[in-house]
Amino acid sequence: EHAHAELDCEEALPNAVPRSSEENVAAASAAACDAMVDKENVLANKAKDSHTQPLPTWSSRVSFPTMEDGELPSRATRTPRSLFSSVDDMKAMVREVLVEGESYDVVNYYKTSGIWQNIARHYMFEMVTMVVIAVYSLWMAIDTDNNHADVILEAHPVFFVAEQGFCTFFFVELLIRFLAFER
């Protein structure tokens, strides 16, 4: 006859969700929590009546803001917290980053001399890399639509050669960038 005090939010939520489209998610969540706490109080009272040790409850594992007398605040006294910062705070952070002028550029971490840093810093290297990335994104669409082989070795030779070519280019790009970094 021991009641199981572990409750799930989904168990209480269907009965607590307001039917009006004007109610927000915070109200539904608060109502669900209230319903769960009410169920736990009923279960705790049953346990006291039967002179047994009550099982740990959901509210004992989750901290709620409490009033001075130890009671949980009602929905009316709860202040909903926003998931995101205010718009003004976000604008201020963006302005601060823009004013500082410190943006990340991988070139700042390259050596100052040597052939590899010279290649990695060259504008043509950047442009060729961007073009290959754009072509590869188109190639992935073509490959997805037309290559029905499960393994690349069973694919038509066009698909095999193209995949190996892109793989080789990206490996060489990575190698050049790696060799250009200061150690």
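To judge the length of a helix, take its expected span as 1.5 Å times one less than its number of residues. Try that on helix α4 of this predicted model. With 14 residues, α4 should span 20 Å, and its end C-alpha atoms are indeed 20 Å apart, so the two values agree. How many residues of α4 are buried? The number is 0, so this helix lies largely in the open.

Now let's step back and look at the whole chain. It has 7 helices and 0 strands, so to speak a run of α-α-α-α-α-α-α when you read along the sequence. Of its 183 residues, 20% are buried. The accessible surface comes to about 14500 Å², and carbon and sulfur atoms account for 60% of that. The chain also brings together residues from far along the sequence: if you take contacts between residues at least 6 apart, 61% of them join residues at least 24 apart.

Helix α6 is a good place to go next. It covers residues 123–146, and the span rule works here too: its 24 residues should span 34 Å, and the end C-alpha atoms are 35 Å apart, which agrees. Unlike α4, where the buried count is 0, α6 does have buried residues, namely Phe125, Thr129, Val132, Trp139 and Asp143. What do they pack against? The answer is α5 and α7. A bit of helix geometry is handy when you look along α6. An α-helix has 3.6 residues a turn, so residues three or four places apart point the same way.

Pick out Thr129 on α6. Its relative accessible area is 2%, so it is buried. The side chain of Thr129 reaches back along the chain to the backbone oxygen of Phe125, at 2.7 Å. Setting aside neighbours within four places in sequence, Thr129 is in contact with Phe169, Glu173 and Arg177.

Follow one of those contacts to Glu173, which sits in helix α7. Is this glutamate buried or exposed? With a relative accessible area of 14%, it counts as buried, because the cut-off is under 20%. Beyond its neighbours within four places, Glu173 touches Phe125 as well as Thr129. Ala120 belongs in this picture too: its C-alpha atom is 8.5 Å from that of Glu173, although the two residues are 53 apart along the chain.

Next come the nonpolar cores. The largest one has 6 residues: Val132, Trp139, Ala155, Phe159, Ala162 and Phe166. Helices α6 and α7 are the elements that give two or more residues to it, and α7 supplies the largest share, with 3 residues. Trp139 shows how members of this core meet. Once its neighbours within four places in sequence are left out, it is in contact with Val158, Phe159, Ala162, Glu163 and Phe166. There is also a second, separate core of 5 residues, and among them are Tyr110, Ala120, Phe125 and Ile176.

That leaves the aromatic rings. A pair of aromatic rings is described by the distance of the centres and the angle of the planes. In this model the count comes to 5 aromatic pairs. One of them is Tyr110 with Phe181: the ring centres are 5.3 Å apart and the planes sit at 70 degrees, so the pair is edge-to-face. The two partners come from distant parts of the chain, 71 residues apart, with Tyr110 in the loop between α4 (87–100) and α5 (115–121) and Phe181 in the segment after α7 (157–180). Tyr110 is buried, with a relative accessible area of 1%, whereas Phe181 is partly exposed at 27%.

Another pair is Tyr136 with Phe166. Here the centres lie 4.7 Å apart and the planes are at 55 degrees, so this pair is tilted. Tyr136 lies in α6 and Phe166 in α7, so the pair ties together parts that are 30 residues apart in sequence. At 21% relative accessibility, Tyr136 counts as partly exposed, while Phe166, at 14%, counts as buried. These two rings also belong to an aromatic cluster, formed by Tyr136, Phe166, Phe169 and Phe170.

Phe166 is a nice residue to finish on: it is a member of the largest nonpolar core, a contact of Trp139 and part of the aromatic cluster.

Key
Residues numbered from 1 in each chain as written. Predicted model: local features only at pLDDT ≥ 70, side-chain atom pairs only at ≥ 80, totals over all residues. Heavy atoms only, no water. Helix = DSSP H or I, 4+ residues; strand = E, 2+ residues; numbered from the N terminus. Buried < 20%, exposed > 50% of the residue type's maximum accessible area, 1.4 Å probe, protein only. Contact = heavy atoms within 4.5 Å. Areas by Shrake-Rupley, 256 points an atom, 1.4 Å probe, with all protein chains shown as cover. Phe/Tyr/Trp six-rings, centres within 6.5 Å; stacked < 30°, edge-to-face > 60°. Core = buried A, V, L, I, M, F, W, Y, C linked by side-chain atoms within 4.5 Å. Polar contact = N/O pair within 3.5 Å; in protein donor to acceptor, adjacent residues only side chain to side chain.
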